[in-house]
Amino acid sequence: MTVTPTDVQHARSAIAPYLRHTPVSHAVLDTANGPVEVVFKHEYMQMGGCFKPRGSLWATLHAQALGMLTEAGVLVASGGNAAIGAAWAARIVGVPVTVVIPATAPQVKVDTLRTIGARIHLVGNRYQEAADAAERLALETGALALHAYDRPDIVAGAGTIGLELVDDVPGPLTTVVCVGGGGLLAGMAATLRPGDRLVGAEPIGASCLHQALAAGTPVPVELESIAADSLGATRVGDLCWQAVSGDPAVGSVIVADDQIIAARRMLWESHRILVEHGTATAVAAVVAGVVTPSPGSTLCIVLCGANTPLML
């Protein structure tokens with residue numbers, strides 16, 4: 001299946017009454033190539049501190065409209081942010097939520113989930129172990145399974161960020177987003193207009209999209225990055241792969257952990273913006289000079305999550 005611009009428009013119409021149209025701001029970053037003007041999309045100001053409620057809410061509302069939502073509510077496997085998104089969606093719709101997360105998930109995210117009221121199962125040390133357990137649990141309970149990044153409604157909901165950028169920033173746009181399993185990138189790809197570009201940024205040690213593009217097909221990857229808690233997919237999602245492989249308007253770059261750490265610190269010290277290491281990956285790609293402005297295009301960075309302790 002693919003996600004179309006019409007799918008993203010449907011998602012936007014459904015979730016707009018419940019979620020925030022997050023703001024943008026203009027800034028100048030000191031980069032390896034000198035000062036660069038950028039636009040920040042402050043998506044960490046969304047409900048739950050990340051972009052994930054967009055897709056989770058659309059998937060839940062859509063299932064409810066189709067009569068597919070039962071008293072068991074929703075269930076998701078996630079290292080943290082997708083679970084937070086599902087928990088907010090369940091709260092808005094008024095159904096229970098069960099989350100299955102690795103035991104290695106950051107405590108700040110676990111605490112947030114408990115505050116929202118999620119039923120938490122800690123399983124394994126990696127996302128795939130939690131995902132396998134969640135699949136079994138969904139079959140047992142009849143709960144609606146919300147994939148962290150590879151379900152059409154999840155992808156369409158994430159793409160609503162792109163529609164907001166089109167509304168708020170004169171185009172054409174070059175937009176940089178971080179990539180885990182690729183749901184955000186796939187959703188944003190569905191909103192591209194002629195002249196727009198999209199760049200997926202990944203840590204070297206958690207680069208499932210970059211390695212898939214090099215191999216010509218999705219491949220399993222090993223994870224060894226400070227950002228793996230939020231960008232911890234071991235294989236790029238099928239929807240992302242279908243959306244971006246062979247599309248010249250979508251690019252892929254990688255950055256090192258020390259560049260991510262430096263970009264996160266710079267964002268706090270210079271702009272008083274605190275984000276996760278995963279989110280800082282997109283910033284690092286610009287600061288390190290691996291993504292540069294295109295003539296006649298506005299360079300945008302999606303700051304997609306801030307569920308992190310104040311530890312620089």
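**Exercise 1. Determine which residues Thr22 contacts in this predicted model, leaving aside its neighbours within four places in sequence, and whether Thr22 is buried or exposed.**

Solution.
Step 1. Locate the residue: Thr22 lies in the loop between helix H1 and strand S1 (24-31).
Step 2. List its partners. Once neighbours within four places in sequence are set aside, Thr22 is in contact with Lys41, His42, Glu43, Met45, Gln46, Arg54, Glu164 and Asp168.
Step 3. Classify it. Buried requires under 20% relative accessible area. The relative accessibility of Thr22 is 1%, so Thr22 counts as buried.
Step 4. Consider one of the partners, Arg54: this residue is among the buried residues of H2.

**Exercise 2. Establish which residues of H1 are buried, and how they are arranged about the helix axis.**

Solution.
Step 1. The buried residues in H1 are Val8, Ala11, Ala14 and Ile15.
Step 2. Viewed down the axis of H1, these residues fall within an arc of 125°, and therefore they line one face of the helix.
Step 3. Examine the face turned away from the buried side: it carries Pro5 and Ser13, which are exposed.
Step 4. Identify the packing partners. The buried residues of H1 pack against H2, H6 and helix H7 (183-189).

**Exercise 3. Describe the length of helix H2 and decide how far the rest of the structure encloses it.**

Solution.
Step 1. H2 spans residues 53-65, a run of 13 residues. From first C-alpha to last, H2 reaches 18 Å, close to the 18 Å expected at 1.5 Å a residue.
Step 2. Of the 13 residues of H2, 10 are buried, so the helix is largely enclosed by the rest of the structure. Among them are Pro53, Gly55, Leu57, Trp58 and Leu61.
Step 3. Name the surroundings. The buried residues of H2 pack against helices H1 (5-15), H3 (81-93) and H6 (152-168), and against strands S2 (34-42), S3 (74-77) and S6 (144-145).
Step 4. Inspect what comes after the helix: H2 is followed by Gly67, which has a positive phi, near 75°.

**Exercise 4. Characterise the crossing of H2 and H3: what is its angle, and is it left-handed or right-handed?**

Solution.
Step 1. The two axes come within 8 Å and cross at roughly 45°.
Step 2. H2 and H3 are therefore oblique to each other.
Step 3. Their crossing is right-handed.
Step 4. Assign the contact. H2 contributes Pro53, Ser56, Leu57, Thr60, Leu61 and Gln64, while H3 contributes Ala82, Gly85, Ala86, Trp88, Ala89, Ile92 and Val93.

Terms used: Residues are numbered from 1 along each chain as its sequence is written. This is a predicted model: local features need pLDDT of at least 70, side-chain atom pairs count only at pLDDT 80 or more; totals for chains, interfaces and linings use all residues. Side-chain values use heavy atoms; hydrogens and water are left out. Helices (H or I, at least four residues) and strands (E, at least two) are DSSP runs, numbered from the N terminus. The expected span of a helix is 1.5 Å times one less than its number of residues. Buried means under 20% relative accessible area, exposed over 50%, partly exposed in between (1.4 Å probe, protein chains only). Contact means heavy atoms within 4.5 Å. The arc is that of the directions from the helix axis to the C-beta atoms. Axes are lines fitted to C-alpha atoms, for helices over the stretch in contact, and angles run from 0 to 180 degrees between N-to-C directions. Angles under 35 degrees count as roughly parallel, over 145 as roughly antiparallel, 65 to 115 as roughly perpendicular and the rest as oblique. A crossing is left-handed if the near helix is turned anticlockwise from the far one by less than a right angle, and right-handed if clockwise.
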